[in-house]
Amino acid sequence: MTEPDLAGTAEPDIDDLSYEAARDALVAVVDELERGGATLEQSLALWQRGEALAARCETWLTGARAKLDAARTES
């Protein structure tokens, strides 16, 4: 599923993003927020998207840590 971005174009659903795609999208959100010029509503939407992207990245990293820990335990 996709969701519209601020420009009205469709963006991939955050839950479908790979770690790298979520990280890159998060960097883009931060860059846009740092540039300024967005309305309050746009800034809040960007902030919420950034929070969701950060959570997605954390999910990937937690999964990777669990796999590494399991591999170490098996060794």
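This is a short tour of the structure above, one selection at a time.

**Before you click**

You're looking at a predicted model, where local features need pLDDT of at least 70 and side-chain atom pairs count only at pLDDT 80 or more, while totals for chains, interfaces and linings use all residues. Residues are numbered from 1 along each chain as its sequence is written, and side-chain values use heavy atoms, with hydrogens and water left out.

**Stop 1: the whole chain**

Show the cartoon and color it by pLDDT (the predictor's confidence in each residue, from 0 to 100). The protein averages 90, with 87% of its residues at 70 or more. Which element has the lowest mean pLDDT? That is strand β1, residues 2-4, with a mean of 51, whereas α1 has the highest at 97.

Now trace the fold from the N terminus: the order is β-β-α-α, giving two strands and two helices. These elements are DSSP runs, numbered from the N terminus: helices are H or I with at least four residues, strands are E with at least two.

Switch on the surface. About 5,500 Å² is exposed, and carbon and sulfur atoms supply 57% of that; the areas come from the Shrake-Rupley method with a 1.4 Å probe, and for residues only the protein chains shown count as cover. Of the 75 residues, 15% are buried, meaning under 20% relative accessible area, with exposed being over 50% and partly exposed in between (1.4 Å probe, protein chains only). As for contacts (heavy atoms within 4.5 Å), take those with a separation of 6 or more: 56% of them join residues 24 or more positions apart.

**Stop 2: the nonpolar core**

Select Ile-14, Leu-17, Ala-22, Val-29, Leu-46, Leu-53 and Cys-57 as sticks. These seven residues make up the largest nonpolar core. The term covers buried Ala, Val, Leu, Ile, Met, Phe, Trp, Tyr and Cys residues joined through side-chain atoms within 4.5 Å. Two elements, α1 (19-35) and α2, each give two or more residues to this core, and α2 has the largest share with three.

Center on Leu-53 next. Leaving aside residues up to four places away in sequence, Leu-53 touches Ile-14, Leu-17, Ala-22, Ala-25, Leu-26 and Val-29.

Then hop to Val-29, in helix α1. Is this residue buried or exposed? Val-29 counts as buried because its relative accessibility is 6%. With the same sequence neighbors left out, Val-29 touches Leu-46, Arg-49, Gly-50 and Leu-53. For a distance label, try Val-29 to Ser-43: 9.6 Å from C-alpha to C-alpha, at 14 residues apart in sequence.

**Stop 3: a buried arginine**

Find Arg-56 in helix α2, residues 40-74. What is the nearest side chain of opposite charge to Arg-56? It is Asp-15, 5.2 Å away, and Arg-56 is buried yet has no salt bridge. For the charges, Lys and Arg count as positive and Asp and Glu as negative; His and the chain ends are not counted. A salt bridge here is a side-chain nitrogen of Lys or Arg within 4 Å of a carboxyl oxygen of Asp or Glu. Expand the selection around Arg-56 and you'll pick up Ile-14, Asp-15, Asp-16, Leu-17 and Ala-22 as contacts, not counting residues up to four places away in sequence.

**Stop 4: the salt bridges**

Side chains of opposite charge can pair when their charged atoms come close. How many salt bridges does a search of the whole structure find? Three, so here they are, pair by pair.

- Arg-23 and Asp-24: the closest N and O atoms are 3.3 Å apart. Arg-23 is partly exposed at 34% relative accessible area, as is Asp-24 at 46%.
- Glu-58 and Arg-65: their side chains meet at 3.7 Å, N to O. Both are partly exposed, Glu-58 at 41% and Arg-65 at 46%.
- Asp-69 and Arg-72: the closest N and O atoms sit 3.4 Å apart. The two residues are separated by about one helical turn because they are three residues apart in helix α2. Asp-69 counts as partly exposed at 42%, whereas Arg-72 is exposed at 59%.
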